[in-house]
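The following exercises ask the reader to locate residues, decide how far they are covered, and describe their surroundings. Each task is followed by a worked solution.

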Amino acid sequence: MIVPHVSFLFKSSVFILLLSLSLLHFKPPQNTRQTLALTHNRTETVSGAAPRNYIVRFREYKQASDYRSYLETSLRSEGWKWIERHNPAAKYPTDFGLVAIEEASKDGAIMEIEKLGLVKDVNLEVSYNRGLLAGSFEDGKKGPGKILTSMSFSEGEHSYESELSNSSIHWGRHLLMQKSQVTSLFGADVLWAKGYTGAKVKMAIFDTGIRANHPHFRNIKERTNWTNENTLNDNLGHGTFVAGVIAGEDAECLGFAPDTEIYAFRVFTDAQVSYTSWFLDAFNYAIATDMDVLNLSIGGPDYLDLPFVEKVWEITANNIIMVSAIGNDGPLYGTLNNPADQSDVIGVGGIDYSDHIASFSSRGMSTWEIPHGYGRVKPDVVAYGREIMGSKISTGCKSLSGTSVASPVVAGVVCLLVSVIPQNKRKELLNPASMKQALVEGAAKLAGPNMYEQGAGRVDLLESYEILKSYQPRVSIFPSVLDYTDCPYSWPFCRQPLYAGAMPVIFNATILNGMGVIGYIKSPPTWHPSDEEGNLLSIHFTYSEVIWPWTGYLALHMQIKEEGVHFSGEIEGNVTVTVFSPPAHGETFPRRSTCMLHLKLKVAPTPPRSKRVLWDQFHSIKYPPGYIPRDSLDVRNDILDWHGDHLHTNFHIMFNMLRDAGYYIETLGSPFTCFDAQQYGTLLLVDLEDEYFKEEIEKLRDDVINTGLGLAVFAEWYNVDTMVKMRFFDDNTRSWWTPVTGGANVPALNDLLAPFGIAFGDKILNGDFSINGEQSRYASGTDIVRFPRGGYVHSFPFLDSSESGATQNVLLNSGMNKADSPILGLLEVGEGQIAVYGDSNCLDSSHMVTNCYWLLKKILDFTSSNIKDPVLFSDSAKQDKPLYEDDNQLPSRRTDVNFSTYSAVVRKDLLCRSDSRFEVWGTKGYNLHVRGRNRRLPGYPIIDLGRGLNTSADASRSRRYRSTEKKNSGDSFGNKYLGRWYKDELDMPVLVPSHWLIPLVVMVTGILLFLSIWRIRQRRRRRRRTGSGRLANL
């Protein structure tokens, strides 16, 4: 009887073990994705396409014929050919070649070319669309050429409506009034009277050309054509207008420097198109012919076009002063155009005759440095740019407006200032850095605009003249002062004081080295406080150890030390840095200069946790380098998300509103593991496109449930079919561009929110709605498809345009069904609170129809302080049963996109960067790997660095969490675990462990039972052997 019983138990144990393993294996799929077969996002070429042109950059200058022979003798690949360039630069050495490569031979030929020793790199040639009176996009379609923005427009137009703005500026036609000459407004006649008229200054105008023997110009030295059109004439009028502002002599439209030598570079066709190779050749010719000043009234958002950007560096390195328009994408922030946003270029914004910033003038900050750093101050200066008089194509004058008009105003000022310096000393004293020093130090700061609107202020010709008269080569910092008491000029810094425990506040200044094209910082900058309180400030510096060409950066990462947690007052002092440059001709010792940045900072006591909000910048991706689409599909003439998505760019109005409401907002430019959740009331996630590290997902779950962090999420549309419809064919690269993600990366957000049972869908919803009398517009937002029971969900009847191709056609009200769609959800989970909303356009200044700041404040009241608005938490909104949608119905990732190219997460290391608190720089974060001392902030819980900051939740929180679990322990096994098969949603405190706890218990039970039975059987076998041995002995 015993053996059969043991056999039965053995079989039962094996069955239980197998069952436990199967249960452990069976868990809701986290990353199930549908397979998609879509067009490649950037580079798929149309079948049968003609060969494409590529720019082969070399490491040194040689004759083009030499490089042609070099490639022909070195390459074994076929399917390529050298393209001859017949232009004035052909007689000079070059550093690039243009080759046509057949598509079938592309990969092999490019790989072989790049392996050659003299080759620097190979880049696809792109074309530039001038866009004088229009941008690059119209009705959702891209025009020919590189993506550039509108640069100027006629004074006679009834209105100018920025395609990137939600406002119009109406001018209308009016009777012409007698206006002062723009030259007299700057006092040019004072210098004319002294005999300074721009003589012997070589001015390169890169534009649409100029006609010979134009009556307005006395000194047209040379006209060159760099296009594929056989003409030197200006058939559009823009190049002539720009030349007139600089050097015209007609009494009705005087230029600043009438004796300037004009060199007209025709780099745009009559169709306003140009190519990179044309620019590179023209730039090389400007270097070879020793130009003094160069005006470039073009611009666009692509600061990663390396052949172009690096050639601009080379232009300025050769001591050519470049002036460029900052762009006409105002009044939006984060809309700087390249190359004016480069530190070695004088970037010019526009003002009107009342010294107000022109609404069309682009605003800073620069966005190159995001997310780990902070943008630079641009524009450098502003000048009159509205209704400026200039020369017509043949004769007479006209008025234009735009920053491409303000740019030649400054270029004319520069030409006049260059002529002040004797010709034999110009190259010794004048360079891009010294000229910018004279302009920014002499500029008149305007009352009202901040530094990212006006830079140093309005150009002051006479003040700059006084500076240059006695100029000696030196180094300076721009801006030279950061004063928290100077508001609004020092916005956004003056809007929020420093305090202990905050993320570092970063201020990015530009170093101008007038001593030489190259400089060195051999020792770190130093902080010199004015008094004892200044020792409460801790500054870490990041900076250009090598300054080239002429400029570098100095970033201050500022924190208040923990002993200043209760301090309230001002901290003042200076930051100094010493720069060395090689000796000039005839000098023996290196040049040396020390520059200074003055700081006057406001400090406040550390605010309570409930008033501190942390903004996630790390998971935001912008254009460039990828096609990141716009958030509102109703906007047809701006298809790219390129404004930075930063608190101080297109979310700057929201930032001001939160400060007015008493919140303190800090920025996180590193992963979630790099902040201490106990210090913040809410983590704010808005319009995010990147993925998340596994460690981030795990930490956020613990931060919310155990540490009481509030979480507020504002998502965006995500629909693969719509992304496919948004693709466009780029004629210059002969390839299809399709978005790499939607308005937000909903699949990644769903992974982040999965531990809480929340997920967004793939609808694209549009419509108006009202909550308690507050009207709002839902613009291309998404819906909520998963939400736990017990939460509060608000639904409204909206149009779902996800199937309608709204990116290519105007949304039609007919033929679409309105259905109630959940868009707002609020939930308490463990110690924390969560709010999710499917649209961010109501917070984004770029394309806002109506704002939802009122909703954001109510959400933050809930997530930070658990204050429940009676309307948002009405009984009618409470969920009696969960929202649930199958995994295979959730939005899926695109499998045809190499997302790692654009992501800071995919195939990247998890690391806390210099935007994090100093103690975690270079580590994986607080709860993963912490270095530093175990220091206690006064008024805060003791932090045990050995365990990680986010494990020190107090006992009451742990007890509350355990009691919540106990309260739900009466739920049946089916509700807690097997309900996953029946799509029952779980209450949140039980949801997370339910995936592994029950199968683990069953598995352990099975293993113990198996081991017990195995030991019994082993004993019985030993007894049998012993018994049989004894019988044999007998």
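**Exercise 1.** Is Gly 455 buried or exposed? Describe its surroundings as well.

*Solution.* The model is predicted.

Step 1. Locate the residue. Gly 455 sits in the loop that runs between helix H12 (451-454) and helix H13 (461-469).

Step 2. Apply the cut-off. A residue counts as buried under 20% relative accessible area. The relative accessible area of Gly 455 is 0%, so Gly 455 is buried.

Step 3. List the contacts. When neighbours within four places in sequence are left aside, Gly 455 is in contact with Val 377, Pro 379, Asp 380, Asn 450, Phe 478 and Tyr 489.

Step 4. Compare sequence and space. Gly 455 and Pro 479 are 24 residues apart in sequence, and their C-alpha atoms are 8.3 Å apart.

**Exercise 2.** Determine which peptide bonds leading to Pro 479 and Pro 371 are cis, and place both prolines.

*Solution.*

Step 1. Begin with Pro 479. The bond from Phe 478 to Pro 479 is cis, and its omega is near -10°. Pro 479 belongs to the loop between strand E22 (475-478) and strand E23 (481-483).

Step 2. Continue with Pro 371. The bond from Ile 370 to Pro 371 is cis, with omega near 15°. Pro 371 belongs to the loop between strand E18 (346-351) and strand E19 (381-384).

**Exercise 3.** What is the sign of phi in Asp 645 and in Ser 780, and are these residues buried or exposed?

*Solution.*

Step 1. Consider Asp 645. Its phi is positive, about 50°, although Asp 645 is not a glycine. Asp 645 is located in the loop between strand E32 (612-616) and helix H14 (652-660). With a relative accessible area of 2%, Asp 645 is buried.

Step 2. Consider Ser 780. Its phi is near 60°, again a positive value in a residue other than glycine. Ser 780 is part of strand E40 (residues 774-781). Its relative accessibility is 0%, so Ser 780 counts as buried.

**Exercise 4.** How many residues of helix H17 are buried, and what follows for the helix?

*Solution.*

Step 1. Name the residues. The buried residues in H17 are Val 746, Pro 747, Ala 748, Leu 749, Asn 750, Asp 751, Leu 752 and Leu 753.

Step 2. Draw the conclusion. Because 8 of the 8 residues of helix H17 (residues 746-753) are buried, the helix is largely enclosed by the rest of the structure.

Step 3. Identify the packing partners. The buried residues of H17 pack against helix H15 (694-705) and against strands E34 (682-686), E35 (710-714), E38 (759-760) and E44 (832-837).

**Exercise 5.** Classify Pro 882 by its relative accessibility.

*Solution.*

Step 1. Pro 882 is found in the loop between helix H18 (853-865) and helix H19 (955-967).

Step 2. Its relative accessibility is 22%, and therefore Pro 882 counts as partly exposed.

Step 3. Pro 882 and Arg 789 are 93 residues apart in sequence, while the distance from C-alpha to C-alpha is 4.2 Å.

**Exercise 6.** Which residues lie nearest the centre of the largest cavity?

*Solution.*

Step 1. Count the cavities. The whole structure holds 9 cavities of 30 Å³ or more, and the largest cavity contains about 400 Å³ of space.

Step 2. Examine the lining. Among the 29 residues that line the largest cavity, Pro 504, Val 505, Ile 506, His 648 and Thr 667 lie nearest its centre. Strands E24 (505-513), E29 (551-560) and E33 (664-668) each supply at least two lining residues.

Step 3. Sort the lining by class. It comprises 18 nonpolar, 9 polar and 2 charged residues.

**Exercise 7.** Describe the chain as a whole, and state where the prediction calls for caution.

*Solution.*

Step 1. Summarise the fold. The protein chain has 22 helices and 44 strands, and 61% of its 1034 residues are buried. Of the contacts with a separation of 6 or more, 78% join residues 24 or more positions apart.

Step 2. Consider the confidence. The mean pLDDT of the chain is 83, and 78% of the residues reach 70 or more. Over residues 155-179 the pLDDT is below 50, although this stretch has 55 contacts in the model beyond near neighbours in sequence. Residues 804-814 also have a pLDDT below 50, with 28 such contacts.

Step 3. Apply the rule. Where pLDDT is low, predicted coordinates should not be read in detail.

Technical notes: Residues are numbered from 1 along each chain as its sequence is written. This is a predicted model: local features need pLDDT of at least 70, side-chain atom pairs count only at pLDDT 80 or more; totals for chains, interfaces and linings use all residues. Side-chain values use heavy atoms; hydrogens and water are left out. Helices (H or I, at least four residues) and strands (E, at least two) are DSSP runs, numbered from the N terminus. Buried means under 20% relative accessible area, exposed over 50%, partly exposed in between (1.4 Å probe, protein chains only). Contact means heavy atoms within 4.5 Å. On a 1 Å grid over the protein atoms alone, a cavity is a set of points where a 1.4 Å probe fits but cannot get out, and a pocket is an open set with protein on both sides within 12 Å along at least five of seven lines; lining residues have an atom within 4 Å of a point. Grid points are joined across faces, edges and corners, and a volume is the space filled by probe spheres set on the points. Ala, Val, Leu, Ile, Met, Phe, Trp, Tyr, Cys and Pro count as nonpolar, Asp, Glu, Lys and Arg as charged, and the others, Gly among them, as polar. pLDDT is the predictor's confidence in each residue, from 0 to 100.
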